Amino acid sequence: MNLQDNDESDMICESQNQKGSVLVADGDNHISNKFSAVTDRMGYDVAVSNNGEEALDLLLKRSFDIVFTALKMPGTFGNCEVCGEEISINRLKARPVTTNCIACKNKMEAMEKAAGV
Ligand SMILES: [Zn+2]
């Protein structure tokens with residue numbers, strides 16, 4: 001191996017160390033394990049969560065450059081905290097960390113408006 005090969009190898013390691021952080025959040029362990037293994041091998045700092053509450057806790061504790069997540073996960077994530085109904089996929093696509101369905105959010109906003117908040 002000559003010096004040029006070593007330099008190239010160092011550059012690859014250096015660029016891998018500069019990759020960002022990834023949160024893999026999926027209720028299916030098989031999918032999250034495979035996905036985290038691949039992103040880890042690519043040099044990313046990977047955190048894994050298998051339920052919605054844990055994923056939200058991780059997001060509150062630190063930031064991630066990329067989040068790969070299922071929109072529906074085990075736990076109460078994906079269900080409205082007020083009425084318990086499932087939050088629609090369209091609402092979760094628009095606001096992935098929302099805790100209320102659109103009907104409850106609209107009611108809350110109407111009550112806030114009426115109260116002058
Ligand atoms: Zn609701």
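Helix α5 covers residues 102-114 of this predicted model. Its 13 residues stretch 18 Å from the first C-alpha to the last, close to the 18 Å expected at 1.5 Å a residue. How many of the residues of α5 are buried? The number is 0, so the helix lies largely in the open. Ala103 belongs to this helix and can serve as an example. A residue needs 20 or more other C-beta atoms within 10 Å to count as buried, and Ala103 has 14 such neighbours, so it counts as partly exposed. Its C-alpha atom sits 9.5 Å from that of Ile87, a residue 16 positions away along the chain. After α5 comes Gly116, with a positive phi near 80 degrees.

Stepping back to the whole protein, there are 5 helices and 3 strands. Read along the sequence, they follow the pattern α-β-α-β-α-β-α-α. Of the 117 residues, 17% are buried. As for contacts between residues with a separation of 6 or more, 45% of them link residues 24 or more positions apart.

Now for the strands. The 3 of them form an open sheet in the order β2-β1-β3, with parallel pairing. The edges are taken by β2 and β3 (66-69), each of which pairs on one side only. Neighbouring strands are turned against each other by 15 degrees on average, leaving direction out of it.

Looking at the pairs one by one, β1 (residues 21-25) and β2 (residues 45-49) run parallel and share 5 bridges. Between these two strands the chain passes through helix α2 (residues 29-41), making a β-α-β crossover that is right-handed. On the other side, β1 and β3 also pair in the parallel sense, over 4 bridges.

Two residues of β1 show how this works in detail. Leu23 has Ala47 as its bridge partner in β2 and Val67 as its bridge partner in β3. Val24 likewise faces both ways: Val48 stands opposite it in β2, and Phe68 stands opposite it in β3. In a regular strand, side chains alternate between the two faces of the sheet.

Is β1 largely enclosed or largely in the open? Of its 5 residues, 4 are buried, so β1 is largely enclosed by the rest of the structure. That is quite a contrast with α5, where the number of buried residues is 0.

The picture carries over to the largest nonpolar core, which has 7 residues in all: Val22, Leu23, Val24, Ala25, Val46, Val48 and Ala55. Which elements give two or more residues to this core? They are β1 and β2. The biggest contribution comes from β1, with 4 residues.

Val22, one of the core residues, has quite a list of contacts once its neighbours within four places in sequence are left aside. Among them are Thr39, Tyr44, Asp45 and Val46, along with Phe64, Asp65, Ile66 and Phe68. Thr39 falls within the stretch of α2 (residues 29-41), Asp45 and Val46 fall within β2 (residues 45-49), and Ile66 and Phe68 fall within β3 (66-69).

Technical notes:
Residues are numbered from 1 along each chain as its sequence is written. This is a predicted model: local features need pLDDT of at least 70, side-chain atom pairs count only at pLDDT 80 or more; totals for chains, interfaces and linings use all residues. Two strands pair if DSSP finds at least two bridges between them. A crossover is right-handed if, with the strands pointing away from the viewer, the path from the first strand over the helix to the second runs clockwise. Axes are lines fitted to C-alpha atoms, for helices over the stretch in contact, and angles run from 0 to 180 degrees between N-to-C directions. The expected span of a helix is 1.5 Å times one less than its number of residues. A residue is buried if 20 or more other C-beta atoms lie within 10 Å of its own, exposed if 12 or fewer, and partly exposed in between; C-beta atoms are placed from the backbone. Two residues are in contact if their C-beta atoms, placed from the backbone, lie within 7 Å. A nonpolar core is a set of buried Ala, Val, Leu, Ile, Met, Phe, Trp, Tyr and Cys residues joined through C-beta atoms within 7 Å.
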